[in-house]
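Please read what follows with the coordinates open, taking the strands before the helices.

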Amino acid sequence: MNLDNLIAKFSGSTENQRKAVFSTLFIAGNKLQTLFDNRIPEVSLKQFMLLSIVRQSKEQLTFTQLGNLLGCSRQNIKKLADVLMKKGFITIQQSPRDTRAMCICPTKKVNDYFAGDFLKYQEELKYLFEVYTDKEIETLFILLSKLYAGIENLEKKTADEKSKKALQ
C-alpha cells in the first residue's frame, strides 16, 4: 500500500480522518527524529530540543518544568541532561527557587553550537516547509497550537479516570 492509497482510504469520513491525523503525527515524529538523529552532529533530536528550550528560556527551568514542556517525564529529562552535561553543553545546578529541585543551565558551548554547527541544519529546515505557502504555514501553526488543547483534554480525561479508579 502506498501513501496515495492510504490517503484515499482514510479520507471518507471524519472518524477516519481523525485516525489518519493521529497516525500521521506519530509517523511524522518518528521520521523527523530519524532524519535529524542521523544529520545533527553531537546531539540527538531530543537532546537538541532540550537545549533549544534551555537556551530560549529567560529563567532557569527545573527538570519537572522541562519535562512538562517537552511532554516527557522528569526522569527522561535527567537522562538527557546527564548526557549533555558530559558533552559540555550544560551544567546542572540546584534551583534558586526550590532547594529540592535541579535546574539545567546552558554553557558557552550551547551558543557556539547554535551559532556554528547547527546553523547549516537550520537552513535545511526550510526544505521541510518549502511545500507550504505562507498562509498554509500560518494555518498549520494555528491548528498545531490548537492540538495542545486537545492533548490537555485527553490528559484531563485520563487523570479523571485514574482518580475514579483510585476511589473505588
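In this predicted model, Thr91 has Cys105 of strand E3 as its bridge partner. That pairing can be set beside the wider register of E2 and E3, two strands that run antiparallel and are joined by five bridges. Strand E3, which spans residues 102-106, also pairs in the antiparallel sense with strand E1, residues 61-62, in this case over two bridges, and here Thr62 finds its bridge partner in Cys103 of E3.

Ile92 offers a second way into the region, since this residue is found in strand E2, which covers residues 90-94. With a relative accessibility of 22%, Ile92 counts as partly exposed, because the buried class is reserved for values under 20%. When its neighbours within four places in sequence are left aside, Ile92 is in contact with Phe63, Ala81, Asp82, Met85, Met102 and Cys103. Leu143, by comparison, lies 51 residues from Ile92 in sequence, and the two C-alpha atoms are 35 Å apart in space.

From the strands one can turn to the helices. Helix H4, residues 63-70, and helix H5, residues 74-86, have axes that come within 8 Å and cross at roughly 105 degrees; angles of 65 to 115 degrees are classed as roughly perpendicular, and H4 and H5 therefore stand in that relation to each other. On the H4 side the contact is made by Phe63, Thr64, Leu66, Gly67 and Leu70, while H5 contributes Arg74, Ile77, Lys78 and Ala81. By character, the residues of this contact between H4 and H5 divide into five nonpolar, two polar and two charged. Phe63 and Ala81, which take part in the helix contact, are also among the residues in contact with Ile92.

How values were computed. Residues are numbered from 1 along each chain as its sequence is written. This is a predicted model: local features need pLDDT of at least 70, side-chain atom pairs count only at pLDDT 80 or more; totals for chains, interfaces and linings use all residues. Side-chain values use heavy atoms; hydrogens and water are left out. Axes are lines fitted to C-alpha atoms, for helices over the stretch in contact, and angles run from 0 to 180 degrees between N-to-C directions. Helices (H or I, at least four residues) and strands (E, at least two) are DSSP runs, numbered from the N terminus. Angles under 35 degrees count as roughly parallel, over 145 as roughly antiparallel, 65 to 115 as roughly perpendicular and the rest as oblique. Contact means heavy atoms within 4.5 Å. Ala, Val, Leu, Ile, Met, Phe, Trp, Tyr, Cys and Pro count as nonpolar, Asp, Glu, Lys and Arg as charged, and the others, Gly among them, as polar. Buried means under 20% relative accessible area, exposed over 50%, partly exposed in between (1.4 Å probe, protein chains only). Two strands pair if DSSP finds at least two bridges between them.
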